[in-house]
Amino acid sequence: MLKKSMVSALGLLVATMSLSIPTQAAELTTPSQETLLRNKSTDSRKVLGITSVSFGATKQISKSTPIPPDWVITTVMSDYYVIQYVGGASLGQTVQTVRTTPIPKDWVITVATSDFFVWKYVGGASFGYKVQTAKITQVPENWVITLATSDFYQLMYVGGASFGQRVQTAKITRIPENWVITQATSDFFVWMYVGGASYGTTVQTAKTTPIPPGWVITTATSDFYILTYKG
């Protein structure tokens, strides 16, 4: 009688435990869910199925979807965006976007209205290439402002300069490394590129010039400096 009672109690305990412990399968993420989450966190283009596209391709996406790299927003509707691919652009190509779009590197704003921007691609420019932009634009690396009016900027690319090349700029410009001011007026600066100089090379500069790395002032007068390259 005692053995029968113990067997009955043990059976009841096992049955109770089987009801209270969830199955492992119910807690696992399916392989397709894992893939989707992993792709969304590392490269949203894979989630959208837009891994192989060329410049100018467009796609409609929901507003909750992250904007993939090298895509811009061209149209905003109540519940979706129209986006355009700008990767692989060539120098001078343009695209019109909404003002709130993220924009990739090496694009400048050429037209700015209350509703949209027109952007131009300036990647791949060579020394001396110029472009007129809206004043709201960001100035890319290795570009300088050569002219600033009340309405626009004129930008010039100074990457790839050789020693001794000169450029005249507006005084508000940011100048890349290894340029010195050789002339300063109330309206403009004249800059000279001194990268690639040999040891002992000397240049005469305005006293307002920045001193690039490796250069020292060897002569200072009331009007100018003589800089010498010491490496």
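## Worked exercises on a predicted model

Val 118 is buried, its relative accessible area being 16%. Keep in mind that this is a predicted model; the exercises below start from this residue and work outwards.

**Exercise 1. Place Val 118 in its strand, and work out which residues it touches beyond its sequence neighbours.**

Step 1: find the element. Val 118 sits in strand β6, which covers residues 116-121.

Step 2: check the burial class. Buried means under 20% relative accessible area, so Val 118 at 16% qualifies.

Step 3: list the contacts. Setting aside neighbours within four places in sequence, Val 118 is in contact with Thr 94, Val 95, Gln 96, Val 108, Ile 109, Thr 110 and Val 111.

Step 4: add a distance. Trp 107 is 11 residues away from Val 118 along the chain, and their C-alpha atoms are separated by 9.8 Å.

**Exercise 2. Work out how β4, β5 and β6 are paired.**

Step 1: take β4 and β6. These strands pair in the antiparallel sense, over 5 bridges. For a landmark, look at Val 98, which stands opposite Phe 116 in β6.

Step 2: take β5 and β6. Here too the pairing is antiparallel, over 5 bridges. The landmark this time is Val 108, opposite Lys 120 in β6.

Step 3: look at the connection. β5 and β6 form a hairpin, with 3 residues between them.

Step 4: put it together. β6 pairs with β4 and also with β5.

**Exercise 3. Is Thr 97 buried or exposed, and which side chain does its own side chain join in a polar contact?**

Step 1: locate the residue. Thr 97 lies in β4, residues 94-98.

Step 2: read its accessibility. The relative accessible area is 1%, so Thr 97 is buried.

Step 3: find the polar partner. The side chains of Thr 97 and Trp 119 are joined by a polar contact of 3.0 Å.

Step 4: survey the rest. Outside the four nearest places in sequence on either side, Thr 97 is in contact with Val 72, Ile 73, Thr 74, Phe 116, Phe 117 and Trp 119.

**Exercise 4. Describe the largest pocket, from its volume to the make-up of its lining.**

Step 1: start with the volume, which is about 210 Å³.

Step 2: pick out the central residues. The lining has 14 residues, and the closest to the pocket's centre are Ile 103, Pro 104, Trp 107, Trp 119 and Gln 138.

Step 3: trace the strands involved. β5 (107-112) and β6 each supply at least two residues of the lining.

Step 4: sort by class. The lining has 9 nonpolar, 2 polar and 3 charged residues.

Step 5: link back to Exercise 3. Trp 119, listed among those closest to the pocket's centre, is also the polar partner of the Thr 97 side chain.

**Exercise 5. Which loops hold the positive-phi residues Asp 70 and Asn 178?**

Step 1: recall the usual pattern. Most residues other than glycine have a negative phi.

Step 2: handle Asp 70. Its phi is positive, about 70°, although it is not a glycine. Asp 70 belongs to the loop between β1 (58-62) and β2 (71-76), and with 32% relative accessibility it counts as partly exposed.

Step 3: handle Asn 178. Its phi is about 75°, again positive although the residue is not a glycine. Asn 178 belongs to the loop between β10 (166-170) and β11 (179-184); at 22% relative accessibility, it counts as partly exposed.

Step 4: follow β2 onwards. A hairpin takes β2 through 3 residues to β3. The two strands run antiparallel and are joined by 5 bridges, and Thr 75 has Val 82 in β3 as its bridge partner.

**Exercise 6. What does the side chain of Lys 171 reach?**

Step 1: locate Lys 171. The loop between β10 and β11 holds it, and with a relative accessible area of 37% Lys 171 is partly exposed.

Step 2: follow the side chain. The Lys 171 side chain reaches the backbone oxygen of Thr 185 at 3.0 Å.

Step 3: widen the view. Leaving out neighbours within four places in sequence, Lys 171 is in contact with Thr 185, Ser 186, Asp 187, Phe 188 and Phe 189.

Step 4: compare sequence and space. Lys 171 and Phe 189 are 18 residues apart in sequence, with 5.9 Å from C-alpha to C-alpha.

Terms used:
Residues numbered from 1 in each chain as written. Predicted model: local features only at pLDDT ≥ 70, side-chain atom pairs only at ≥ 80, totals over all residues. Heavy atoms only, no water. 1 Å grid on protein atoms, 1.4 Å probe; cavity = no way out; pocket = protein on both sides within 12 Å on 5 of 7 lines; lining within 4 Å. Points joined across faces, edges and corners; volume = space filled by probe spheres on them. Helix = DSSP H or I, 4+ residues; strand = E, 2+ residues; numbered from the N terminus. Nonpolar A, V, L, I, M, F, W, Y, C, P; charged D, E, K, R; others polar. Buried < 20%, exposed > 50% of the residue type's maximum accessible area, 1.4 Å probe, protein only. Polar contact = N/O pair within 3.5 Å; in protein donor to acceptor, adjacent residues only side chain to side chain. Contact = heavy atoms within 4.5 Å. Pairing = 2+ DSSP bridges.
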